[in-house]
Every structure is written in C-alpha cells, then in structure tokens.
Amino acid sequence: MGRKYDELDPTLIEFCTTDRQRHYFELLLELGTCQAVADKCEVHLSSVARVIQKTMERAARKGRAPGHFTGGVAEGFTMGKVTVQRGPSGVERTWERQHPDDHRRREAWEAISQGFRDDVVPLAPVVGPTVCNDDLLTIYPQGDPHAGLKVWNEEAGDHFDLAEYERTACAAIDRLVDASPPSGTALFNDKGDTTHADNNTNRTPRSGATLDVDGRHAQVIRINIRVKRYQITRMLERHGRVVVRIDPGNHDPETALHIAMMLSMLYENEPRVEVITSPNPYWYFEFGKNLIATCHGDGAKGGDLPLLMATDVPEMWGRTVFRLWLVGHVHHKDEKEYPGVTVEYKRTLAPKDAWHNGKGYRAQRNMQAITLHRETGECERHTCGVAMIDAQLRAC
C-alpha cells in the first residue's frame, strides 16, 4: 500500500472519473507514494490506494497500462483472451484482454489472515454451566446490527451511535440469555450488516450509496468485537457450546469475513466456541430433526429459499422435519410457511436512518431467542425489544 509510483504515467489521469480522484492522482505524481497523499489529505491510506488502483484498472481495460505493450501484462493483471486480425501483409492488429489477478487477491487475503493470526491473543476459556440440556438448541438471531450507524433524533426520530449500539446489543443479550433454558448448544447468528459501512469511504460497496456513520472504521470494528465478545461470554455462561455465524451483508461483505476470522482466532483456545468463517452467503446447520439456514437476504428472494435449501443440502433436507430460514436485510418482521420450510425475516435493534425515515419505513425494534428440541422442533421463544430495554433503564 505504501509502494512508490515514481514512474506513474501522467496521462492515465484521464481515467479518473471524479474531481477527488484527479486530485489524488495529481498529488501522487507530485509526492510519489499513496501514504504521502493520505497524510496530506488527512484520509486513510486505503482511500487513496483504492482510487489509484481503480484508475489503473480502468486504464488497463482500455488498453492503457504501464508495460502493456512492452512487458505484455500490467501489474496486478493476468492475460486473458488475445484476438489477432490478419490481412494480406500479415498481422494488422492485436487486441489483448487483461483481468485482475485473482491469485494476487488470494495472496493478499492470506497475508491479512496471517497478520490477524500474528497479532490476536487467544482468550482464556470461560467457565460454563454445571448442567445443560443437550437435546435443546437456542438460536440468537441478531438482525442487522449496523454498528457505526449514526442517527440524529431531530432528523429521524431516534438517536443511535456506537454507544447506543453497544448498550442495546448487550442489554438484549442479557435479557434473552437469562430467559432461555440452559441448552447444550447455542447458535449466535449475526444476520449481516454487522457494521454499517465496509470501510472509511462510508458508502455501500455495490451501489455507492452515502452512509451516515459514527466513528472511523477501525473504531467501529473495535467496538463491534467488544460487543460480540460480551455476547458470546454470556452465552458460554448459559450454554454448553456456542456456534457463531456472521452472515456477509450488503453493507459489509468484506468486514464481516474479517470479524469472523478475528473471532475464530480469539477463541481458538476455547473448545466450546466454533466460529464459522465460510464466505458462502448461505449457511446450513443441522440439529437433530431441525435444519436451520441463514443468509443476509440481499440475494435470493424469500420464495426461492426453500428450493435453494433442498438443492444445496439434499441429505440434510432428507434427514430433517423442521426446517427454518433466518433472514435479515429488510429490518421488519415477515414470516411465511412454505411446504416443508418456514422463512423468517428478523427485525433489528437499530433504528431507521435518515434515508429510510424519509421513505416512510417504520418497524418495531427487537431481538429474539428461539429454542428448538432435537426431536420435536421449536418449544419456546423469547423477545426483547428496545422499548423494554429503555423501560428497564428508567426503572433503575
């Protein structure tokens, strides 16, 4: 990220699409490194590096890349399809297609993972319950936490920031864990959008929508990890083991995976915790005659999920009777029973932001705990709403 760009082609500036990109590019030509540009502009290094990388990729896709004609392949790309036009005098024209190097991307991911592994100190095991019922599974589906979301009361009717996220998330898990039976297994399912933004650009990765964010991204991740550690500890005190699944969301497809990896390293010395680090947006968990599936909800529609389950895990489908999809994304309660499968969209503890408030979206805010019996399916359910948390606070 701090590499030098002494030989950067100045003409590539034409592939910058915004004034901000052109400004970063011009400063890079002057200062020589992305870090120097980031320091001068008082932004995060990744913001500058991403602009330069995207600019060079756009140039390469148009056949303009350093080394393209002399060295054959631009840095960070691999050669794809080559088309040759021949005429009476021989080769008249050649078209070369280059693509981002997926191998280099995998190497970068492995380097990030190794960096986490080197820096993260595993936690000591937590003392568990003396008695628990191995025939019970309690699921704690936390709908779209949106850590880092900033909501101004005068603008959207609610107040929300990092402190409020921590307060409500911890209070909800306290009440739900205390209300639930000492099940042998707990499944903690973060429904995705665990952080409101994926990086310091404070925009959604795919659509580029502007987000209202409280704090820098590193600060959001730090508090998110702290909250999850508290939630997992409370479950370990009540249940025999805890399985953690964080669904990748449309707000945080990369950050969700990073947080899952960090949690897996934090708990590598805790045999009672299993953290799922699969990047697959659809995940399945079998417990006796129960089949639980989770996803964020920005992909397949609710009506397509039952058949998706049957197609993805036919063996699990055949062994089970009670099948449940837990989905987030829409922030409101929606439950529909299909032949053989129930699809539940879960509410969130986070309030509506300014954009959703302006669009007229309104929904209750709560979190639930659902307990299933290994042989007979759902046997009890508990709900903790934000109104209940606030009422308890006023009573103190």
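**A. Five bridges connect strand S10 to strand S11 (residues 341-345), and the two run antiparallel.** The model is a predicted one, in which local features need pLDDT of at least 70 and side-chain atom pairs count only at pLDDT 80 or more, while totals for chains, interfaces and linings use all residues. Residues are numbered from 1 along each chain as its sequence is written, and side-chain values use heavy atoms, with hydrogens and water left out. Strands (E, at least two residues) and helices (H or I, at least four residues) are DSSP runs numbered from the N terminus. Two strands are taken as paired if DSSP finds at least two bridges between them. In the S10-S11 pair, tyrosine 338 lies opposite valine 341 of S11.

**B. An open sheet of five strands is arranged in the order S7-S8-S9-S11-S10.** Its pairing is mixed. Strand S7 (283-287) and strand S10 (334-338) are the edge strands, each with a single partner strand, so one side of each has no neighbour in the sheet. Direction ignored, neighbouring strands of this sheet are turned by 15 degrees against each other on average. Axes are lines fitted to C-alpha atoms, for helices over the stretch in contact, and angles run from 0 to 180 degrees between N-to-C directions. Helix H9 (residues 305-312) lies across S7, strand S8 (290-295), strand S9 (322-327), S10 and S11. The helix runs at about 115 degrees to S9.

**C. A second open sheet is shown, with six strands in the order S6-S5-S4-S3-S12-S13.** Pairing is mixed in this sheet too. Which strands stand at the edges? They are strand S6 (273-276) and strand S13 (377-385); each has a single partner strand, so one side of each is left without a neighbour in the sheet. The twist from one strand to the next averages 15 degrees. Helix H6 (residues 162-179) packs on the sheet and touches strand S3 (133-142), S12 and S13, a contact being heavy atoms within 4.5 Å. The direction of H6 makes about 145 degrees with that of S13.

**D. Strand S3 pairs with S4 in parallel and with S12 in antiparallel fashion.** Seven bridges join S3 to S4, and isoleucine 139 stands opposite leucine 187 in S4. Four bridges join S3 to S12, where leucine 136 faces histidine 373. S3 is mostly covered, with seven of its 10 residues buried. Buried means under 20% relative accessible area, exposed over 50%, and partly exposed in between (1.4 Å probe, protein chains only). On the other side of S12 (residues 366-373), eight bridges link this strand to S13, antiparallel. Asparagine 366 is opposite glycine 385 in S13.

**E. Asparagine 189, in strand S4 (residues 183-190), is the centre of this view.** Why does asparagine 189 count as buried? Asparagine 189 counts as buried because its relative accessible area is 0%. Its side chain makes a polar contact of 3.1 Å with the side chain of aspartate 247. A polar contact is a pair of N or O atoms within 3.5 Å; within protein, one must be able to donate a hydrogen and the other to accept it, and residues adjacent in sequence count only if both atoms are side-chain atoms. Not counting residues up to four places away in sequence, asparagine 189 touches Tyr140, Pro141, Gln142, Arg245, Asp247, Thr294 and Leu326.

**F. The largest nonpolar core has 31 residues.** Such a core is a set of buried Ala, Val, Leu, Ile, Met, Phe, Trp, Tyr and Cys residues joined through side-chain atoms within 4.5 Å. Tyr140, Phe188, Ile232, Val244, Leu263 and Met367 touch the most other members. Elements giving two or more residues to this core include helix H7 (217-238), strand S5 (241-246), helix H8 (255-266) and helix H12 (386-395). H8 supplies the largest share, six residues. Leucine 263 touches Ile225, Lys228, Ile232, Val244, Ile246 and Val275, not counting residues up to four places away in sequence. A second, separate core of 18 residues includes Phe15, Leu27, Leu28 and Ala59.

**G. Arginine 58 is located in helix H3 (residues 45-61).** Its C-alpha atom is 9.3 Å from that of leucine 12, 46 residues apart along the chain. Neighbours within four places in sequence aside, arginine 58 contacts Phe15, Cys16, Thr17 and Gln21.
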